[in-house]
Structures are given as structure tokens and as C-alpha cells.
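Visitor: I should like a close look at a single part of this predicted model. Please take one strand, and follow it outward to whatever surrounds it.

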Amino acid sequence: MRAFFSDDQLLHQPRQFMRAGRLCEPTDVPARAAALQATLATRGIDLAVAPDYGRAPLETVHSAAYLDFLCEAYERWQALARPGFEPGIEVLPNLSPYHNGKLDQNRRPDCPTDSVIAQAGYYLGDLSCPLGPHSWRSILRSAHSAVAAADYVCEQGDGGMAYALCRPSGHHAHSDRAGGFCYINNAAIAAQGLLKRFGKVAVLDVDAHHGDGTQQIFYQRSDVMTISLHADPAGYYPFYTGYANERGYGAGYGYNLNFPLPHGTGDAGFLAALDSALDALRDYRPQALVLSLGFDTYVEDPISVLTVGMDGYRGIGERIHALGVPTVVVQEGGYEVDAIGHALDAFLSGFAPAMA
């Protein structure tokens, strides 16, 4: 098993995010990555640094205008300063344009104005995605870790397995919108990369939150099946998507499945839902898999409403190994820093028979 990470991914250090009307200390801190690195080191898994692929792989799933914004926004934001007007310490939106939210709408038009304030409202979907001086570099290199993992699995063929230690995470990132600590959809980019070798790919998301960005990107396609297990969004982020009746649209109808779970669901309930999801996945017969692996399902995670423990993560690893398909594991959430390393170790202990 190969693992990929770049120290540049630590440069993104958000200083604030909004939760229930209050600016809070960020939970997506660099220490998250350090905890996961320590687990990999204990297991003797070396972290390779991904090549710098530039923007090209990101453009396979994201609009050019959106990428331009992410790349340039902080400098443009600072340039707003003038006597009597001082922009905030990070790029954050102060408006939210109306969007009809139709799931059959593949992509919005580009923002119709060059105003960075307007674009912040258009391209940053909530107040959990601040952009600081080094955010773009971290975002870009996080995506490159996913690209490198997909390339490795493509090279290995039927026996390929790789782990992308992505930070920032990605599954809430739409084709043209950031959200939920996510800016670029690393899992979607990995899936798109796997299609270079494999005819059908599945993305299985086991983070506590619905993978709304991944769903949006592939909602009208049949070559990538998307399945998400997550806490019931009726009372949990992202609120507006993640319901069982969202099945895909057009050519993609039937290729999107959501398994919303009652709040408080623990190991047994989560693994039972995963077994149902895997039955559907086997019927699809993917030739390769992307696993969006989140540990914010953990019982003591500061923003979780689920109660999964270490046995649950071990069970996830065992089930993914049993599928027997080439797999890219992409790291998503998990904010209890003292626990996420143990969670990854539990997952790998179940997944270990597949590791070279």
C-alpha cells in the first residue's frame, strides 16, 4: 500500500469559522494531519510526496473560474484595503446569492461580476471555508495527493491500493463551490483519474456528513456511482441534500444512493447500513473504488452526532478489503485529534490483508 502527502498541506491554517451564529476556533487544524502521519509511521507506511501536477487534474471536475477565484482571492481581498475600509483577516463571504438548488442543474454559470466580495459569496458556500495567505497552496497539494494515489492504483492495476492523506478535505466541494472545510473535491478528482484505466468507478463515502459535492459532480453520470452513508441531514450539515430520494438524474438516475442514519447510530447500525450499500455497489460491479474515509463519525468527535467506535472502523476496513477491487482511500473529516490516529489504525487493521 502506498500513501501520499505533502508538507505544503499544513500551510492552510484557518483562523475562524461560523457555527450556529458564533465565530469559533477552527477544527480543521494541521495537527489532524500530524496524527494520521504518526499512525502511518508506526505501521511502517512511508509517505510519498506527490508530484506537482498543476491545475490540470482539478479542471477535470471544477470550473476554471472557480479555480481562478481560489488561487487569487486572498491577494485580491487584501488589495481592497483603503482608508476607512479594512478587509477581514481571511476571505469570507458576507452575502449568499439565491440558488434554486435543482439537482438536475449540472453547473451554474460563472459569477457575473469581477468583484471579489461578490465572488466570495458566489464561490464560498458557507462560513467554514476561509481563505488565508497560504490556503491555495495547501488546497492544490491536497488534491495532488489524491491524483498521485489514483495514478498509483492505475499503474498497479487489479491489485492497486493507495491512501491519500488529504487535508484540506474535499467531499463537500461542488464543481464551483466550497463548503464544509472543503475547497477541491479530492475524491472526485481521484475517481476521474481512475477512469483513465477502469471503465466503471464507484465512490463510497463513510464520513459523518453527506458527500454533497461528490454527488453534485457525478449526479448525471453512470460511469461513476456515488454512495454516501451519513447522519440524517434533516438536522445536520449539509441539511439540503443527502436524502434517500436523491437517486441521480438523466443518464445518472439510479447511480446515486444515500443512506441517512438516525443521530446516535453506533457501530452496529453503521455497519448494517454499510452492508446494504455494499450490496448495491456489488450489483454495479465497479472496476475500481474511491473510499471517502471520514472519522467525524467518532463518538467523541466535537461535531459528530453519530457514535461509531474503533470496532466500527475496523469493520469498515474488513468490508472494503473483502470487495477485492483496486481502491484509493481519500481522507475526509475527523476532528478529535487525539482519536483520529487510532481510528486510522483500526481501519488499517481491518484493511491490512490487502496491504503489500
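Guide: In β6, the residues V201, V203 and D205 point one way, A202 and L204 point the other way, and all are buried. In a regular strand the side chains alternate between the two faces of the sheet. Since five of the five residues of β6 are buried, where buried means under 20% relative accessible area, the strand is largely enclosed by the rest of the structure.

The chain leaves β6 and crosses through α6 to β7, in a β-α-β crossover that is right-handed. β6 and β7 are themselves paired, in the parallel sense, over five bridges. Within this pairing, L204 stands opposite I227 of β7. β6 also has strand β9 (residues 288-293) as a partner: the two run parallel and are joined by five bridges. Here V203 has V290 of β9 as its bridge partner.

These pairings belong to an open sheet of eight strands, with parallel pairing and the order β4-β1-β5-β10-β9-β6-β7-β8. The edge strands, each of which pairs on one side only, are β4 (47-48) and β8 (256-261). From β7 the sheet continues to β8 over six bridges, again in the parallel sense. One of the contacts between them sets L229 against its bridge partner F259 in β8.

β6 also borders an enclosed space. The whole structure contains two cavities of 30 Å³ or more, and the largest holds about 50 Å³ of space. V203, D205, G211, T214, Q215, T226, I227, S228 and N256 line this largest cavity. At least two lining residues come from each of β6 (201-205), α6 (212-218) and β7 (224-231). β7 provides the largest share, three residues. By character, the lining of the largest cavity comprises two nonpolar, six polar and one charged residue.

The second largest cavity has a volume of about 30 Å³. Its lining consists of P14, Q16, F17, P26, T27, D28, S128, P130 and F181, which divide into five nonpolar, three polar and one charged. F17 appears again in the second largest pocket, where F17, R19, H209, Y237 and I303 lie nearest the centre among 24 lining residues. This pocket encloses about 430 Å³ of space, and its lining divides into 11 nonpolar, nine polar and four charged residues.

Aromatic contacts complete the view. The structure holds 11 aromatic pairs. One of them, Y122 with Y123, is edge-to-face, with 5.2 Å centre to centre and 90° between the planes. Both tyrosines are buried: Y122 has a relative accessible area of 11%, and Y123 one of 2%. A second pair, Y255 with Y284, has ring centres 5.7 Å apart and planes at 70°; planes over 60 degrees apart count as edge-to-face, so this pair is edge-to-face. It links distant parts of the chain, 29 residues apart, since Y255 lies in the loop between β7 and β8 and Y284 in helix α7 (residues 267-284). Y255 is partly exposed, with a relative accessible area of 29%, whereas Y284 counts as buried at 6% relative accessibility. Elsewhere, ring pairs link Y66, F69, Y122 and Y123 into a cluster.

How values were computed: Residues numbered from 1 in each chain as written. Predicted model: local features only at pLDDT ≥ 70, side-chain atom pairs only at ≥ 80, totals over all residues. Heavy atoms only, no water. 1 Å grid on protein atoms, 1.4 Å probe; cavity = no way out; pocket = protein on both sides within 12 Å on 5 of 7 lines; lining within 4 Å. Points joined across faces, edges and corners; volume = space filled by probe spheres on them. Helix = DSSP H or I, 4+ residues; strand = E, 2+ residues; numbered from the N terminus. Nonpolar A, V, L, I, M, F, W, Y, C, P; charged D, E, K, R; others polar. Buried < 20%, exposed > 50% of the residue type's maximum accessible area, 1.4 Å probe, protein only. Pairing = 2+ DSSP bridges. Right-handed = clockwise from strand over helix to strand, strands pointing away. Phe/Tyr/Trp six-rings, centres within 6.5 Å; stacked < 30°, edge-to-face > 60°.
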